[in-house]
Amino acid sequence: MIAKSKILIPVFAALFLLLLGIQVYFMYKTYQVKERDIYRSVNDGLTHFTDSLEDIQEVKERNDDSLQEIIIRYHNNEINKRNFLNYFIENRKSARERLIHYIDSRYQKDGYEISARIRYLSIVHLPDSAKVITEPIVIFETQDKLKNPRIASNGSWETSTTKRDDTDNGQVEKKNSFLVKTQTDFEIKNIKSIVFKELTLLIICCIILLAGVLLLYIFTIRNLIQQQKQVEVLHTIVDNISHEFKTPIATLKIASKALKKEWNPETLPLIDRQISRLESLMVQLHKDETPDEMVEIQPEDWDFFIQDLAVTYPNIDFKLENSVSQKLPYDKNLMETVIKNLCENSVKYGASAVTINTRNHSQHLEIKVSDNGQGMETKELNHIFEKFYRIQNNNIHNSKGLGLGLYFVKKIITKYGGKIEVSSKPQAGSTFKISIPYEN
């Protein structure tokens, strides 16, 4: 499962990047569409307004030959370019004012910063197609200059001087006709901020969607890893189930050999004690609970616990200092589990001598187990009572275990409302101190 989850990480990363790319592409296209819509809306408004201005100006100029006259004079080199341009600027002053007012009233209230420009692109003398101007003339431009203009509208109109015949036909003769081409440019300076402002909700939704997918994936991977750890623990239990029963089984074998050699009255009680302990261990392992029946512990039981350990581990020096001289209201099997689990833990991690001290003081049972083993790092002390936790580096005997021994010890002490403390240093051994309250 871990291998599969490792494969899922790059697969998800690729899919997430693909989803991110799709979202970015979608947002980019949405931005372009929104930008075009805004420009189209402004373009339509400016085009309609400038067209109406041109219509008004054209009607005015049809009834006024001053425009034709100034163009003719410039065409005939009777006035210079500066005077010619000044005429157009003054002539269009009212139109410019109306355009500025339109932009301010129509778009500034919506937060649009618009730059606009109106130019005459060309003025052509129609009879001979001669160009009156060689470059565009700026008739109007806002204070902010255009950098990336968008064409709002192109237009053209014709102006000419006319004369009616005095003959009966009454024909109208056109003279000095000119074709004027105009162009209106504009630019929205803050187009990006406007578009992003309008797309804020969409952007937030996309971010929430991506964040939700990412969090869902992280949650799924974490669950997979936790499940994998549980599966590994179960496999470890199956592979090492016999180890937790090593002590009572080994003791029973030794007792069986002793019976075959010669009769010893202490052997049968030893066998009974180990069978009882096996039953207790089975109950704790399979039901994860302590037995309901309680056999109160007697003062001599503490000696029996150490005797059994000495039989099982003949090379270890077990020393008991017992000052308990009365029956205590604790389950005998549970106290045996506490003592033996602590001692076997010391043996497992390299101890050659283990000292057990038991005494009762102020209606508290106090147990102290010290060894000369390899000890533990300080960082390990907060985890050694966790279920299935095992220290790997200090396991110098390379012995396997389920990591249930100290877990059971902690569980039993907690059941009786007691507390357990541990102090340890690498290469200096460990000391476990237990205090359990009781009532007479």
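## Exercises on a mixed sheet and a cavity

Let's start in a turn: Ser-362 is in the loop that links strand 9 and strand 10. Helices (H or I, at least four residues) and strands (E, at least two) are DSSP runs, numbered from the N terminus. This is a predicted model, where local features need pLDDT of at least 70 and side-chain atom pairs count only at pLDDT 80 or more, while totals for chains, interfaces and linings use all residues. Residues are numbered from 1 along each chain as its sequence is written, and side-chain values use heavy atoms, with hydrogens and water left out.

**Exercise 1.** Describe the turn of the hairpin formed by strand 9 and strand 10.

*Solution.* Step one, the hairpin itself: three residues sit between strand 9 and strand 10. The two strands pair in the antiparallel sense over seven bridges; pairing here takes at least two DSSP bridges between two strands. One spot to click on is Asn-357, which faces Lys-368 in strand 10.

Step two, the backbone. Most residues other than glycine have a negative phi. Ser-362 has a positive phi near 50°, and Gln-363 has one of about 55° without being a glycine. Gln-363 belongs to the loop between strand 9 and strand 10.

Step three, exposure. The classes are buried (under 20% relative accessible area), exposed (over 50%) and partly exposed in between, with a 1.4 Å probe and protein chains only. Ser-362 has 55% relative accessibility, so it counts as exposed. Gln-363, at 39%, therefore counts as partly exposed.

**Exercise 2.** Work out the strand order of the open sheet, and say which strands stand at its edges.

*Solution.* Go pair by pair. Strand 7 and strand 9 (residues 353-360) run parallel and are joined by six bridges, with Phe-318 opposite Val-354 in strand 9. You already have strand 9 with strand 10, an antiparallel pair. Next, strand 10 (residues 364-371) and strand 12 run antiparallel with seven bridges; His-364 stands across from Pro-437 in strand 12. Finally, strand 11 (residues 419-424) pairs with strand 12 in the antiparallel sense over six bridges.

Put together, the five strands give an open sheet in the order 7-9-10-12-11, with mixed pairing. Strand 7 (317-322) and strand 11 each have a single partner strand, so they stand at the edges and one side of each has no neighbour in the sheet. On average, neighbouring strands of this sheet are turned by 10° against each other, direction ignored; the axes are lines fitted to C-alpha atoms (for helices over the stretch in contact), with angles running from 0 to 180 degrees between N-to-C directions.

**Exercise 3.** Take a closer look at strand 12 and its hairpin with strand 11.

*Solution.* First, cover: strand 12 (residues 430-437) is mostly covered, with six of its eight residues buried. Second, register: Ser-424 has Ser-430 as its bridge partner in strand 12, and Glu-421 has Lys-433. Third, the turn: five residues lie between the strands of this hairpin, and Gln-427 takes a positive phi near 65°.

**Exercise 4.** Which residues line the largest cavity, and which elements give two or more of them?

*Solution.* Start with the search. Rolling a probe the size of a water molecule over the atoms shows where empty space is left. Here, on a 1 Å grid over the protein atoms alone, a cavity is a set of points where a 1.4 Å probe fits but cannot get out, and lining residues have an atom within 4 Å of a point. Grid points are joined across faces, edges and corners, and a volume is the space filled by probe spheres set on the points.

The structure holds one cavity of 30 Å³ or more, and the largest cavity has a volume of about 70 Å³. Its lining consists of Asn-345, Ser-346, Tyr-349, Asp-371, Gly-373, Gln-374, Gly-375, Met-376, Ser-430 and Phe-432. Helix 10 and strand 12 are the elements that give two or more residues to that lining.

Now zoom in on Asn-345, which is part of helix 10 (residues 332-348). With 16% relative accessibility, Asn-345 therefore counts as buried. Leaving out residues up to four places away in sequence, Asn-345 touches Leu-406 and Phe-432, where contact means heavy atoms within 4.5 Å.

Conventions:
On a 1 Å grid over the protein atoms alone, a cavity is a set of points where a 1.4 Å probe fits but cannot get out, and a pocket is an open set with protein on both sides within 12 Å along at least five of seven lines; lining residues have an atom within 4 Å of a point.
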